[in-house]
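Please look through the sequence and the model below before reading on. The paragraphs that follow go from the strands to the interior, and then to the cysteines and some unusual backbone angles.

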Amino acid sequence: MKVEIGTKENFPEGQGTLVEKEGKQIAVFNKNGKLFAINSVCLHKGGPIADGYVDENNIVACPWHGWQYSIETGENQYDKNMKLAVYKITEKGGKVFLEI
């Protein structure tokens, strides 16, 4: 299912934004002008991934306990078998869409 989540201007460069759609909490990151979307609930203790810092390698750290995930693949950096869901983002006509 494809849902509209706003325009690119709604997602500031270098920051995460929490989007809630279809009962899911999704973190949308704007990194160097490219948008990425992953589940925003940390697998460790449920921390808010959208509030985490993304480094130069596209790794976000959960602000609660520092668990790290790739914003591209959702992989946990300590255990590759643990992954957050990744969502496809598309842009059309100035609008941003998320595939859930």
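In this predicted model, E8 and E9 form a hairpin with two residues between them, and Gly93 in the turn has a positive phi of about 60°. The two strands, E8 covering residues 86-92 and E9 covering residues 95-99, run antiparallel and are joined by five bridges. One of these pairs Lys92 with Lys95 in E9, and another pairs Ile89 with Leu98 in E9. Leu98 also has a partner in another strand, since Val3 stands opposite Leu98, and E1 and E9, which run antiparallel, are joined by four bridges.

The hairpin belongs to an open sheet of six strands, whose order is E1-E9-E8-E4-E3-E2 and whose pairing is antiparallel. At the edges of this sheet are strand E1 (2-6) and strand E2 (16-21), each of which pairs on one side only, while the twist from one strand to the next averages 30°. As a general matter, strands of a sheet pair through backbone hydrogen bonds, either parallel or antiparallel.

From the sheet we can turn to the nonpolar interior. The largest nonpolar core has 13 residues, and those with the most contacts inside it are Ala27, Phe29, Ile38, Ile49, Val60, Tyr69 and Ile71. The elements that contribute two or more residues to this core are strand E3 (24-31) and strand E4 (34-39). A second, separate core has twelve residues, including Val19, Val28, Leu35 and Ala37. Beyond its neighbours within four places in sequence, Ile49 is in contact with several residues, among them Ala27, Phe29, Ile38, Val60 and Tyr69, as well as Cys42, Cys62 and Leu84.

Both of those cysteines are buried, Cys42 at 4% relative accessibility and Cys62 with a relative accessible area of 5%. Why, then, is Cys42 not bonded to Cys62? The closest cysteine sulfur to that of Cys42 is the one in Cys62, and because the two are 4.0 Å apart, they are too far for a bond, the cut-off for a disulfide being 2.5 Å. The structure accordingly holds zero disulfides.

A polar residue with a buried position is Ser70, which is found in strand E7 (residues 68-70) and counts as buried at 8% relative accessibility. A polar atom of the Ser70 side chain lies 3.0 Å from the backbone nitrogen of Glu72. Leaving aside neighbours within four places in sequence, Ser70 is in contact with Ile38, Asn58, Ile59, Glu75 and Gln77.

Asn58, one of those contacts of Ser70, leads to the question of backbone angles. Most residues other than glycine have a negative phi. Which sign does phi take in Asn58? The value is positive, near 65°, in a residue other than glycine. Asn58 is found in the loop between strand E5 (53-54) and strand E6 (59-61), and with a relative accessible area of 12% Asn58 is buried. Asn32 likewise has a positive phi, of about 55°, although it is not a glycine. Asn32 is found in the loop between E3 and E4, and there Asn32 is exposed, with a relative accessible area of 68%.

Definitions and conventions
Residues numbered from 1 in each chain as written. Predicted model: local features only at pLDDT ≥ 70, side-chain atom pairs only at ≥ 80, totals over all residues. Heavy atoms only, no water. Buried < 20%, exposed > 50% of the residue type's maximum accessible area, 1.4 Å probe, protein only. Pairing = 2+ DSSP bridges. Axes fitted to C-alpha atoms, helices over the stretch in contact; angles between N-to-C directions. Polar contact = N/O pair within 3.5 Å; in protein donor to acceptor, adjacent residues only side chain to side chain. Contact = heavy atoms within 4.5 Å. Core = buried A, V, L, I, M, F, W, Y, C linked by side-chain atoms within 4.5 Å.
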